[in-house]
Amino acid sequence: MSEVKKVVLAYSGGLDTSVILKWLQDTYQCEIVTFTADIGQGEELEPARAKALKFGIKPEHIYIDDLREEFVRDFVFPMFRANTIYEGEYLLGTSIARPLIAKRQIEIARAVKADAVSHGATGKGNDQVRFELGYYALEPGIKVVAPWREWDLLSREKLLAYAEQAGIPIEMKHKQGGAPYSMDANLLHISYEGRHLEDPKAEAEESMWRWTVAPEAAPDAPEYLDVEFEHGDIVALDGKRMTPAEVLTELNKLGGKHGIGRLDLVENRYVGMKSRGCYETPGGTIMLRAHRAIESITLDREVAHLKDDLMPRYASMIYTGYWWSPERLALQALIDQTQLTVNGWVRVKLYKGNVIVVARDSKTDSLFDPTIATFEDDQGAYNQKDAHGFIRLNALRMRIAANARNKRG
């Protein structure tokens, strides 16, 4: 076990990270700095400060940072410029938060001259990879303490016994066997894993969902929303300009009201196992649909197809923790270049779990030419005879192959 003098711990104030804090003190006997990130999880974070003080953490070593605007502006929005989806469905709500937390942890470690960082991710999950790839990419020589890979508190009973012996407050829900689900929340999504959901044959309980109503319980009347884009990012809703975090907050409210954004998924984890999770991403679901709609009239065909070809690889980079990798940064530069002309507005109809695009326009960057696309008389704007040579040339290799097959009998 390497010597650690000062460590920055990603600290939520919950049972697991409180146990980790005390374990670090007992095991490494080092100075501890706590870092709690507000990325829109919707919880009161000040209790984390009180708990850290109770453990003897110096007031100047307790960091509680509001990162909501940075999270949406510098992480969520760039990801959505690529229309990013992992394995065809997952909008990467947990994955995209980890590089920001890692970045801020490293910044704090530099500021307080810490030689190590620590996280509460288990040895079974993806988050250990995401956090640590971020740490090493930003600070190659940093030491990483991953308690779940070191300690012997590998059962809930041992964890609770350690907490009780250390005087760590244990909420009633933990005494009675724990919360119904393991949850992760931020401004983009909320996820649910474990317990009832570990049986993929079992339908998720309706009482589990927190952000969205069931589609069948959503309002019977549709709601229309105008979404305005500049360079691929949403800047206004129904004519009202908003900050990135305000945009996502409002979209979450609207989407949740109309039962939009639920997902029940069995995904392939980076560590090799399959894992079932349920997700609510109401605002992100609206954002993705609207973004593809504005791109449909502002992106060149081959550019759009190239983006679609690259998107699964980009999604995999985020899922597997390579946000700070040179390949992700290079790909982001390409994606952002394509977004220079993605300007305009989209009108969507929100209804019973659906996001339906009903209109779109761009005053400056639309590539839609009605004089060419019309089914009426185009007054010579398009010469239909041009298609003959185009088809003959594209069919040439297939005609040659067919002739060869015919000769072979």
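This note goes through a predicted model point by point, from the whole chain to single helices and residues.

1. Overall make-up. The chain of this predicted model contains 13 helices and 14 strands, and its C-alpha atoms fill a box of roughly 85 × 55 × 45 Å when taken along the principal axes. Of the 409 residues in the chain, 50% are buried. Among contacts between residues at least 6 apart in sequence, 72% join residues that are at least 24 apart.

2. Surface and charge. The chain exposes about 20900 Å², and carbon and sulfur atoms supply 52% of that area. There are 52 positive and 60 negative side chains, and the centres of these two sets lie 4 Å apart.

3. Helix H4. This helix, residues 98-112, has 15 residues that should span 21 Å at 1.5 Å a residue, and the distance between its end C-alpha atoms, 21 Å, agrees with that expectation. Eleven of the 15 residues are buried, so H4 is largely enclosed by the rest of the structure. The buried set comprises Arg98, Pro99, Leu100, Ile101, Ala102, Lys103, Gln105, Ile106, Ile108, Ala109 and Val112, and a reader checking charged side chains may wish to note that Arg98 and Lys103 are in that set. Just after the helix, Lys113 takes a positive phi of about 60°.

4. Helix H8. The 14 residues of H8, 244-257, should span 20 Å at 1.5 Å a residue, and the end C-alpha atoms are indeed 20 Å apart, which agrees. The buried residues here are Pro244, Ala245, Val247, Leu248, Leu251, Asn252, Leu254, Gly255 and Gly256. Their cover includes helix H3, strands S8 and S9, helix H9 (282-298) and strand S13 (344-351). H8 is followed by Gly259, whose phi is positive, near 70°.

5. Helix H11. For the 13 residues of H11, 326-338, a span of 18 Å is expected at 1.5 Å a residue, and the end C-alpha atoms are 19 Å apart, which agrees. Arg328, Leu331, Gln332, Ile335 and Thr338 are the buried residues of this helix. They cover an arc of only 115° around the axis, which puts them on the same side of H11. Pro326 and Gln337, on the other side of H11, are exposed. The buried residues pack against helix H3 (68-81) and helix H10 (301-319).

6. Leu334 within H11. Leu334 lies in helix H11, and with a relative accessibility of 36% it counts as partly exposed, because that class covers values between 20% and 50%. Once its neighbours within four places in sequence are left aside, Leu334 is in contact with Leu306 and Leu310. Glu198, by contrast, is 136 residues from Leu334 in sequence and 39 Å from it in space, C-alpha to C-alpha.

7. Positive phi outside glycine. Most residues other than glycine have a negative phi. Against that background, two loop residues deserve a look. Asn83 has a phi near 55° and lies in the loop between H3 and H4, where it is buried, with a relative accessible area of 2%. His231, with a positive phi of about 50°, is found in the loop between strand S8 (223-230) and strand S9 (233-237). Unlike Asn83, which is buried, His231 is partly exposed, with a relative accessible area of 45%.

8. His189 and its surroundings. His189 lies in the loop between strand S6 (182-185) and strand S7 (190-193), and at 0% relative accessibility it counts as buried. Not counting residues up to four places away in sequence, His189 touches Tyr90, Gly93, Thr94, Asp184, Trp211, Tyr279, Glu280 and Thr281. Pro282 is 93 residues from His189 in sequence, yet the two C-alpha atoms are 7.5 Å apart in space.

Conventions
Residues are numbered from 1 along each chain as its sequence is written. This is a predicted model: local features need pLDDT of at least 70, side-chain atom pairs count only at pLDDT 80 or more; totals for chains, interfaces and linings use all residues. Side-chain values use heavy atoms; hydrogens and water are left out. Helices (H or I, at least four residues) and strands (E, at least two) are DSSP runs, numbered from the N terminus. The expected span of a helix is 1.5 Å times one less than its number of residues. Buried means under 20% relative accessible area, exposed over 50%, partly exposed in between (1.4 Å probe, protein chains only). The arc is that of the directions from the helix axis to the C-beta atoms. Contact means heavy atoms within 4.5 Å. Accessible areas come from the Shrake-Rupley method with a 1.4 Å probe; for residues, only the protein chains shown count as cover. Lys and Arg count as positive and Asp and Glu as negative; His and the chain ends are not counted. The place of a charge is taken as NZ of Lys, CZ of Arg, CG of Asp or CD of Glu.
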